[in-house]
Amino acid sequence: MSALAERIKKHFQDSIQTKITAMDLITDRVLEGGQLMVQALLGNNKILCCGNGGSACDAQHFSGEMLNRFECERPSLPAIALSADCSTITAIANDYHYNEVFSKQIK
């Protein structure tokens, strides 16, 4: 097997090991976060998510799954990805500071 193929396999193995390790470390936190989101939605609130770089893409993906569907047909759930509007983000960063690009959107 080539060195490149071995490197690819190592990336897969590292990813699998990371998930196995995280399973025990963060399961309770994920459960708690899910319960908080359920409570918020039952209280007629919406889920706001954000991120920088690749995490901004994750935030958009998550809000898309909330609005559309995930694993089964169901009504839309209200969610907004605060990192999805580049015009707003750059205007806030320019006029105020990058540290405020998300907080100004929810004030």
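These numbered points walk through a predicted model of one chain.

1. **Overall make-up.** The secondary structure of the chain comes to 4 helices and 2 strands. From the N terminus on, the order is α-β-α-β-α-α. The radius of gyration is 18 Å, well over the 13 Å that the globule rule gives for 107 residues, so the chain is more spread out than a compact globule.

2. **Dimensions and surface.** Taken along the principal axes, the C-alpha atoms fill a box of roughly 55 × 35 × 25 Å. The chain exposes about 8400 Å². Carbon and sulfur atoms supply 59% of that area. Buried residues make up 14% of the 107 residues.

3. **Contacts along the sequence.** Take the contacts between residues at least 6 apart in sequence. Of these, 41% join residues at least 24 apart.

4. **Helix H2, its length.** H2 covers residues 54–67, which is 14 residues. From its first C-alpha to its last, H2 reaches 20 Å. That is close to the 20 Å expected at 1.5 Å a residue.

5. **Helix H2, its two sides.** Which residues of H2 are buried? They are Ala56, Ala59, Ser63 and Met66. Seen down the axis of H2, these buried residues fall within an arc of 80°, so they line one face of the helix. On the other side of H2, Cys57, Asp58 and His61 are exposed.

6. **What covers H2.** The cover over the buried residues of H2 includes helix H1 (3–42). It also includes two strands, E1 (47–49) and E2 (79–81).

7. **Ser83, a buried loop residue.** Ser83 is found in the loop between E2 and helix H3 (86–95). Is Ser83 buried or exposed? Its relative accessible area is 10%, under the 20% cut-off, so Ser83 is buried. What does Ser83 touch, leaving aside its neighbours within four places in sequence? Its contacts are Cys49, Cys50, Gly51, Ala56, Ala59, Ile89 and Phe102. Two of these partners, Ala56 and Ala59, are among the buried residues of H2. Another partner, Cys49, belongs to strand E1 (47–49).

8. **Lys46, a loop residue with distant partners.** Lys46 lies in the loop between H1 and E1. At 47% relative accessibility, Lys46 counts as partly exposed. Its C-alpha atom and that of Ala79 are separated by 5.3 Å. Along the chain, these two residues are 33 residues apart. Ala79 belongs to strand E2 (79–81). Leaving aside its neighbours within four places in sequence, Lys46 is in contact with Pro78 and Ile80.

9. **Cysteines.** How many disulfides does the structure hold? The count is 0. Cys49 is in no disulfide, and the nearest cysteine sulfur, that of Cys50, is 7.3 Å away. A disulfide needs the two sulfur atoms within 2.5 Å, so this pair does not qualify. Cys72 is in no disulfide either. For Cys72, the nearest cysteine sulfur is that of Cys49, 19 Å away.

10. **Accessibility of two cysteines.** Cys49 has 12% relative accessibility and counts as buried. Cys72, at 41% relative accessibility, counts as partly exposed.

Methods. Residues numbered from 1 in each chain as written. Predicted model: local features only at pLDDT ≥ 70, side-chain atom pairs only at ≥ 80, totals over all residues. Heavy atoms only, no water. Expected span 1.5 Å × (residues − 1). Buried < 20%, exposed > 50% of the residue type's maximum accessible area, 1.4 Å probe, protein only. Arc of directions from axis to C-beta. Contact = heavy atoms within 4.5 Å. Rg over C-alpha atoms; globule rule 2.2 N^0.38 Å. Areas by Shrake-Rupley, 256 points an atom, 1.4 Å probe, with all protein chains shown as cover.
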